[in-house]
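Trainee: Could you go through this model with me and explain how each label is earned? I would like to see the reasoning behind the words.

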Amino acid sequence: MTPATDISLKELNTFGIDVKAKRFIVTTQTEQLLNLLKQYRDDTLFFLGGGSNMLLTKDIEALVIQLAIKGKKILREDDDFAWVEAQVGENWHEFVLWTLKHNLGGLENLSLIPGQVGTTPIQNIGAYGVEIKDQMVECVALRIKDLELVTFSNEQCAFDYRESVFKNALKDQYIVLSVVFKLTKRNHKLHIGYGAIQSELQQNNIIEPTIHDVSKAVIAIRESKLPNPKEIGNSGSFFKNPVISTQQFHELQREYPEIPHYTVNEELTKIPAGWLIEQTGFKGKRFGDAGVHSKQALVLVNYGNATGAEIAQLAATIQEAVLQKFHIEISAEVNIF
Ligand code: EPU
């Protein structure tokens, strides 16, 4: 297989940034990926999944390998649970819908999250009170240096809020190839405590929700707040919600009694970055084609032809404004290249 040259990545990153890959190749089979890694072992490589959690600020000089290996199946089941496996290149939302079609519960709150299955453990995707770590049993990852397949248990992934071992101690060393989830066949444990889900269910007069109702509610909420990357380029939440000392939170609360917050533990409190950004006046602002979404200030958007550098500049300006006003550092959730 010979890589193509000078390929635009605009359609392959949800921010819709028009940068080029110097060399580019798609891989649809594990065997093929292994051969590529042997063939190009001395080259600089760049692995591309769904392109939904990255901001590309310049052309990629490396060999870009798009991971498009597909496949999903039920591995085994008992009366209560099913163990399902999906390959790196499966679209996440389609996979969630497939589990729901099989009446399997556990991933419904994670409906409509953009991206591919293989990247979900890397940043421990989460929404509406559920994170991937709650349902993931293990994942198989390829160690790039010696092409060994290594199985990581849930614990070995060292999950935290939007964090895992793959973003930290083992950064850039592995490619996640497949993920196994343990899902419920009955006695589903619904997570509907989140305010927005409750009001969405209430509005539709749903008193005893099913996993399907929860998925529909989540889809409706996400569609109402978050821009569809097919229409406006974006990468979901650009920043992580910062965790501050509860003491600092109490000081802020005196000044801003309405400040939303989540208790992490006695000492630590998480503050929604979207609220902080809105307070600095950036919500809905547009600078050329780079902007801050009008319905969720945590989401930066590309209205068409923004460059990655322009989005990165806007992000830095917002970080500085939040730091000045609140003495809180907010850090990017999105990977910037
Ligand atoms: N808020 C504002 N202004 C805004 C946005 C939010 O005041 O512009 C306030 C809201 O009123 C609410 C609070 O901030 O009181 C939280 O807002 P929201 O429920 O929208 O959630 P979030 O904390 O901003 C996180 C995740 C989202 C996930 C939602 C729902 C992070 C970085 N983001 O956002 O994840 O969908 O919770 O669980 O944790 C993503 O990671 O790409 C993503 C979209």
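Mentor: Happily; what follows takes the cysteines, then the ligand, then some loop residues, and please keep in mind that this is a predicted model.

Trainee: How do you know that cysteine 139 is in no disulfide?

Mentor: The cut-off for a disulfide is a pair of cysteine sulfur atoms within 2.5 Å. For cysteine 139, the nearest cysteine sulfur belongs to cysteine 157 and is 4.0 Å away. That separation is too far for a bond, so the pair is not called a disulfide. The structure as a whole holds zero disulfides.

Trainee: What makes cysteine 139 and cysteine 157 buried or exposed?

Mentor: Buried means under 20% relative accessible area. Cysteine 139 has 1% and cysteine 157 has 0%, so both are called buried.

Trainee: Now the ligand. Which residues come nearest to the ligand?

Mentor: There are 25 residues around the ligand, and Tyr128, Tyr161, Arg162, Tyr194 and Glu278 come nearest. The ligand itself sits in the largest pocket.

Trainee: Which elements supply at least two residues of the shell around the ligand?

Mentor: Strand S8 (126-127), helix H4 (211-225), strand S13 (233-237) and helix H6 (273-279) each do. H6 gives the largest share, three residues.

Trainee: What makes the pairing of alanine 297 with the ligand a polar contact?

Mentor: The cut-off is a pair of N or O atoms within 3.5 Å. A polar backbone atom of alanine 297 is 2.8 Å from an oxygen atom of the ligand, so the pair qualifies as a polar contact. Two side chains can be set against that cut-off as well: an N or O atom of lysine 283 is 3.0 Å from a ligand oxygen, and a polar atom of arginine 222 lies 3.4 Å from a ligand oxygen. Taken alone, the ligand exposes 820 Å², and the protein buries 82% of that.

Trainee: On to the loops. Why is aspartate 146 called partly exposed?

Mentor: Its relative accessible area is 36%. Buried would need under 20% and exposed over 50%, so aspartate 146 falls in between. The residue is in the loop between strand S10 (136-143) and strand S11 (148-153), and its side chain joins that of arginine 143 in a polar contact of 3.0 Å. Its C-alpha atom is also 9.8 Å from that of arginine 41, a residue 105 positions away along the chain.

Trainee: Why does glutamate 163 get the word buried?

Mentor: With a relative accessible area of 17%, glutamate 163 is under the 20% cut-off, so the word applies. Glutamate 163 is in the loop between S11 and strand S12 (174-184), where its side chain makes a polar contact of 2.9 Å with the side chain of asparagine 168.

Trainee: What makes the phi of leucine 112 and of asparagine 124 worth a remark?

Mentor: Most residues other than glycine have a negative phi. Leucine 112 has a positive phi, near 65°, and asparagine 124 has a positive phi, near 45°. Leucine 112 is found in the loop between helix H2 (92-101) and S8, and asparagine 124 lies in the loop between H2 and S8 too.

Trainee: And how are leucine 112 and asparagine 124 labelled, buried or partly exposed?

Mentor: Leucine 112, at 27% relative accessible area, is partly exposed. Asparagine 124, at 0%, is buried.

Key
Residues are numbered from 1 along each chain as its sequence is written. This is a predicted model: local features need pLDDT of at least 70, side-chain atom pairs count only at pLDDT 80 or more; totals for chains, interfaces and linings use all residues. Side-chain values use heavy atoms; hydrogens and water are left out. Buried means under 20% relative accessible area, exposed over 50%, partly exposed in between (1.4 Å probe, protein chains only). A residue is near a molecule or strand if one of its heavy atoms lies within 4 Å of it. A polar contact is a pair of N or O atoms within 3.5 Å; within protein, one must be able to donate a hydrogen and the other to accept it, and residues adjacent in sequence count only if both atoms are side-chain atoms. Accessible areas come from the Shrake-Rupley method with a 1.4 Å probe; for residues, only the protein chains shown count as cover. On a 1 Å grid over the protein atoms alone, a cavity is a set of points where a 1.4 Å probe fits but cannot get out, and a pocket is an open set with protein on both sides within 12 Å along at least five of seven lines; lining residues have an atom within 4 Å of a point. A molecule sits in a cavity or pocket if more than half of its atoms lie within 2 Å of its grid points. Helices (H or I, at least four residues) and strands (E, at least two) are DSSP runs, numbered from the N terminus.
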